[in-house]
Amino acid sequence: MTELARVGLFADLTGETLTKLADRMDRREVASGTVLIREGEPGDRFFVLLSGIAGVTQTALGERRILRAGEFFGEVALAMHVPRTATVTAMTPCVVASCDETAFEELVRPLFADDG
């Protein structure tokens, strides 16, 4: 929960909601070079990068951006019910937390409601 509390997206969550989210997220360590999500595949999880650096690539556009601790990914496929729009690969050893679509819909998606 302490790691999630440092993520900007979750800054406005109450302690109770943050605890619920932490209870429903899986935390795992991954080696450098691990593909976390692959463009074109179905999206069934939302991810937060807790430590490390990951790269985002798209087949048509190549390298897109670098993700650092505190950033998130995987929300587009879940929110829009489309295949993954990019591939995210660990560039260093990383720690990620992820939740399934049900937890995303209940606890995370409302955080995007004000984004237009």
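**Briefing: sheet, helix packing and the G52 loop**

In this predicted model, four strands make up an open sheet, arranged in the order β2-β7-β4-β5 with antiparallel pairing. The edge positions belong to β2 (35–37) and β5 (62–68); each has a single partner strand, so one side of each is left without a neighbour in the sheet. From one strand to the next, the twist averages 30°.

**Pairing within the sheet**

- Strand β4 pairs with strand β7 (residues 87–90) in the antiparallel sense, over four bridges.
- Opposite V56 stands V88 of β7.

**Packing of helices α2 and α4**

- Helix α2 (residues 15–24) packs with helix α4 (residues 101–108) at an angle of about 170°, and their axes lie 11 Å apart.
- Because angles over 145 degrees count as roughly antiparallel, α2 is described as roughly antiparallel to α4.
- On the α2 side, the contact is made by T17, K20, L21 and R24, while α4 contributes T102, A103, E106, L107 and V108.
- By character, the residues of this contact between α2 and α4 comprise four nonpolar, two polar and three charged.

**Residue G52 and its surroundings**

- G52 lies in the loop between β3 (45–51) and β4 (53–58).
- The relative accessible area of G52 is 22%, so the residue is partly exposed.
- Apart from neighbours within four places in sequence, G52 is in contact with L67, R68, A69, T92, P93 and C94.
- S32 and G52 are separated by 20 residues in sequence and by 9.1 Å in space, C-alpha to C-alpha.

Definitions and conventions:
Residues are numbered from 1 along each chain as its sequence is written. This is a predicted model: local features need pLDDT of at least 70, side-chain atom pairs count only at pLDDT 80 or more; totals for chains, interfaces and linings use all residues. Side-chain values use heavy atoms; hydrogens and water are left out. Axes are lines fitted to C-alpha atoms, for helices over the stretch in contact, and angles run from 0 to 180 degrees between N-to-C directions. Helices (H or I, at least four residues) and strands (E, at least two) are DSSP runs, numbered from the N terminus. Angles under 35 degrees count as roughly parallel, over 145 as roughly antiparallel, 65 to 115 as roughly perpendicular and the rest as oblique. Contact means heavy atoms within 4.5 Å. Ala, Val, Leu, Ile, Met, Phe, Trp, Tyr, Cys and Pro count as nonpolar, Asp, Glu, Lys and Arg as charged, and the others, Gly among them, as polar. Buried means under 20% relative accessible area, exposed over 50%, partly exposed in between (1.4 Å probe, protein chains only). Two strands pair if DSSP finds at least two bridges between them.
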